[in-house]
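Work through the exercises below with the sequence and the model open. Each task is followed by a solution in steps.

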Amino acid sequence: MLSRITYALFSSIILLVSQPLFANGANKASDEITAANAKETANNQTVNQSSQQLVIFEQTINFNLPSDWKLAHSEQQDTMFSAEFVPANQELQTWSSMVCVQGFKGVAEDIEPELFLETMANVYLENCQGEMVFETLPSEPLNGHETASAIIGCTKMPNSHIKSIDKTTAYEANHGLGEIGHYTAVKGKADLYLIHKSIRGDSFSKANPPVKSQNYQEFLSSITPLSLH
């Protein structure tokens, strides 16, 4: 039973990240995040970062963003929340950099963060046309909450957004893009949270991915520190 539940859960994660999402009218969360972006950007020009705060179900996640990024989409359902951020000059369908924060309500007791990431990697592998990159990383508690972190990527991932944008500007369907990111799963009081930063571009070799254990802290420096309260 649990395996079927977790498979459905992570299938929804992959769909949220890999398929185009459009907001049918700005919801309250979108308005609050956009307003916070504008205010914090003005206050943080010297460090080129803006502080972000998202109230997701029962807890609040704090993180940073580069000040020239924007909220591309947010959505809240009964049991799942997602907010996706991209550089201001990019769109969700053609992003080359993305930060995504997700919440999954009421599942913290059903699956541990480490297994959460392992299951996600297995689903991710099913969509990968090249070689899979999966590297677990040392994890420390986040404000007393258990975490697990990993680098997950694919040397050649199909661009699933091609159906939603003009063919003259889209990548060819068989052009496979290299995609890789740093993922942190956090076990909250009742809910599970996923925070990840990803990049997408030309395909790369599994032996030398653009994000690895030697440089992931620098890669994350624009969005850290993180906190969950």
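**Exercise 1: the smaller set of strands**

Asn 62 has Ser 227, in β10, as its bridge partner. This is a predicted model. Place this pair in its sheet, and state which strands stand at the edges.

Solution. Start with the two strands concerned: β2 (residues 59-66) and β10 pair in the antiparallel sense, over 2 bridges. Next, extend the pairing to the whole sheet, which is open, has 3 strands in the order β1-β2-β10 and is antiparallel. Finally, read off the edges: β1 (49-56) and β10 (227-228) each pair on one side only.

**Exercise 2: the sheet of 7 strands**

Give the strand order of the open sheet of 7 strands, and explain why one side of β3 and of β6 lacks a neighbour in the sheet.

Solution. Step one is the order, β3-β4-β5-β9-β8-β7-β6, with antiparallel pairing. Step two concerns the ends: β3 (69-76) and β6 (132-137) each have a single partner strand, so one side of each has no neighbour in the sheet. Step three is the twist, which averages 15° from one strand to the next.

Now take one pair within this order. β7 (residues 147-157) and β8 (residues 177-187) run antiparallel and are joined by 9 bridges. Cys 154 is bridged to Glu 179 of β8. Helix α3 (residues 113-127) packs on the sheet and touches β5 (97-104), β6, β7, β8 and β9 (192-201). The direction of α3 makes about 5° with that of β7.

**Exercise 3: the largest pocket**

Describe the lining of the largest pocket by element and by residue class.

Solution. Begin with the volume of the largest pocket, about 430 Å³. The lining comprises 17 residues, of which Ser 149, His 182, Thr 184, Leu 220 and Leu 226 are the closest to the centre. By element, β7, β8 and α4 (216-220) each supply at least two lining residues. The most come from α4, with 3 residues. By class, the lining has 9 nonpolar, 7 polar and 1 charged residues.

**Exercise 4: two lysines in loops**

Assign Lys 189 and Lys 206 to their accessibility classes, and list what each touches beyond four places in sequence.

Solution for Lys 189. This residue is in the loop between β8 and β9. Its relative accessibility is 58%, so Lys 189 counts as exposed, the cut-off being over 50%. The residues that Lys 189 touches are Gln 59, Glu 109 and His 145. For His 145, the C-alpha to C-alpha distance from Lys 189 is 7.9 Å, with their positions 44 residues apart in sequence.

Solution for Lys 206. The loop here lies between β9 and α4. With a relative accessible area of 43%, Lys 206 is partly exposed. Lys 206 touches Glu 131, Met 132, Val 133 and Thr 155. Its C-alpha atom is separated by 9.0 Å from that of Gly 130, and the two residues are 76 residues apart along the chain.

**Exercise 5: the whole chain**

How many helices and strands does the protein have, and in which order do the elements run?

Solution. Count the elements: there are 4 helices and 10 strands. Then list them from the N terminus: α-α-β-β-β-β-β-α-β-β-β-β-α-β. As for burial, 51% of the 229 residues count as buried. Among contacts between residues at least 6 apart in sequence, 62% join residues at least 24 apart.

Technical notes:
Residues numbered from 1 in each chain as written. Predicted model: local features only at pLDDT ≥ 70, side-chain atom pairs only at ≥ 80, totals over all residues. Heavy atoms only, no water. Pairing = 2+ DSSP bridges. Axes fitted to C-alpha atoms, helices over the stretch in contact; angles between N-to-C directions. Contact = heavy atoms within 4.5 Å. 1 Å grid on protein atoms, 1.4 Å probe; cavity = no way out; pocket = protein on both sides within 12 Å on 5 of 7 lines; lining within 4 Å. Points joined across faces, edges and corners; volume = space filled by probe spheres on them. Nonpolar A, V, L, I, M, F, W, Y, C, P; charged D, E, K, R; others polar. Buried < 20%, exposed > 50% of the residue type's maximum accessible area, 1.4 Å probe, protein only.
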